[in-house]
Amino acid sequence: MHAAESAGYVIRLEHIQVAIDKATADERLNLEPLVDAVRELDELERSTPERVAKAQADAGIEKRPLSKAAGEAIATSSDAAREIDRLLTRKCNRADSAVAVLKEILTIAKQNMKSANWLDNATPDDDPTKAIYSELYWKRREFVSILRELIA
């Protein structure tokens with residue numbers, strides 16, 4: 001994967017599908033909103049780098065080439081996302097119920113929400129990318145809320 005590519009949201013439709021497959025008939029109907037939420041988050045994650053670059057270009061901010069350390073950090077982050085996906089997939093497949101799958105997904109979703117919150121808070125209000133990072137945080141927060149309601 002190149003640094004310019006975006007891997008999308010770390011929680012994938014396949015993880016949600018495992019929950020649906022393990023759900024009872026009554027639970028299954030309640031899980032359908034998760035499919036749309038994950039699709040929306042995935043699209044948002046994939047489009048974020050392009051949207052950030054466009055917002056910066058529109059604001060006249062010159063894009064500087066990545067430093068070696070920044071490039072390595074992106075590669076490490078990409079490796080970490082693949083490892084999270086691999087572990088989450090294994091945990092979801094081993095879970096004995098839909099609720100157990102949702103709990104595994106919630107753990108990862110909360111971590112993602114916290115990182116998005118940090119990025120949103122660290123971005124100054126006058127930064128042209130603030131709205132993009134805020135949207136990312138609020139969509140992740142909404143997803144966590146949906147998961148919490150389903151588990152409760």
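Of the 152 residues in this protein, 34% count as buried, where buried means under 20% relative accessible area, exposed means over 50%, and partly exposed is in between (1.4 Å probe, protein chains only). You're looking at a predicted model, in which local features need pLDDT of at least 70 and side-chain atom pairs count only at pLDDT 80 or more, while totals for chains, interfaces and linings use all residues. Residues are numbered from 1 along each chain as its sequence is written, and side-chain values use heavy atoms, with hydrogens and water left out.

**Cartoon first.** Colour by secondary structure and you'll find five helices and zero strands. The order along the sequence is α-α-α-α-α. Helices here are DSSP runs of H or I with at least four residues, strands are runs of E with at least two, and both are numbered from the N terminus.

**Select α4.** Try the distance tool on the two end C-alpha atoms of this helix: they are 36 Å apart, in agreement with the 36 Å that its 25 residues should span at 1.5 Å a residue. The expected span is 1.5 Å times one less than the number of residues. Now show side chains: the buried residues of α4 include Ala98, Val101, Leu102, Ile105 and Leu106. Asn112 and Asp120 are also among the buried residues of this helix.

**Swing round to the charged surface.** Pick Lys110, Lys114, Arg141 and Arg148, which form a positive surface patch. The elements giving two or more residues to that patch are α4 (98-122) and α5 (130-151). A patch takes residues with over 30% relative accessible area and no salt bridge, joining like charges within 9 Å and nonpolar side chains (Val, Leu, Ile, Met, Phe, Trp, Tyr) within 5 Å. Zoom in on Arg148, which sits in helix α5 and is partly exposed at a relative accessible area of 43%.

**Now the salt bridges.** Side chains of opposite charge can pair when their charged atoms come close. The structure holds 12 salt bridges, each one a side-chain nitrogen of Lys or Arg within 4 Å of a carboxyl oxygen of Asp or Glu.

- Select Arg140 and Glu45: their side chains meet in a salt bridge at 2.4 Å, N to O. Arg140 belongs to helix α5 and Glu45 to helix α2, so this pair ties together parts that are 95 residues apart in sequence. Arg140 counts as buried at 8% relative accessibility, and Glu45 counts as buried at 11%.
- Next, Arg12 and Asp85, whose side chains meet in a salt bridge at 2.6 Å, N to O. This pair links distant parts of the chain, with Arg12 in the segment before α1 (13-22) and Asp85 in helix α3 (residues 68-94), 73 residues apart. Arg12 is partly exposed, with a relative accessible area of 27%.
- For a pair within one helix, go to Asp42 and Arg46, where the closest N and O atoms of the salt bridge are 2.8 Å apart. Both lie in helix α2 (residues 25-58), four residues apart, or about one turn of the helix. Arg46 counts as partly exposed at 43% relative accessibility.

**Last stop.** Stay on helix α2 and click Ala53. At 30% relative accessibility, Ala53 counts as partly exposed. Then add Thr129: how far apart are Ala53 and Thr129 in space, C-alpha to C-alpha? The answer is 8.6 Å, with their positions 76 residues apart in sequence.

Methods:
Areas by Shrake-Rupley, 256 points an atom, 1.4 Å probe, with all protein chains shown as cover. Lys, Arg positive; Asp, Glu negative; His and termini not counted. Charge placed at Lys NZ, Arg CZ, Asp CG, Glu CD.
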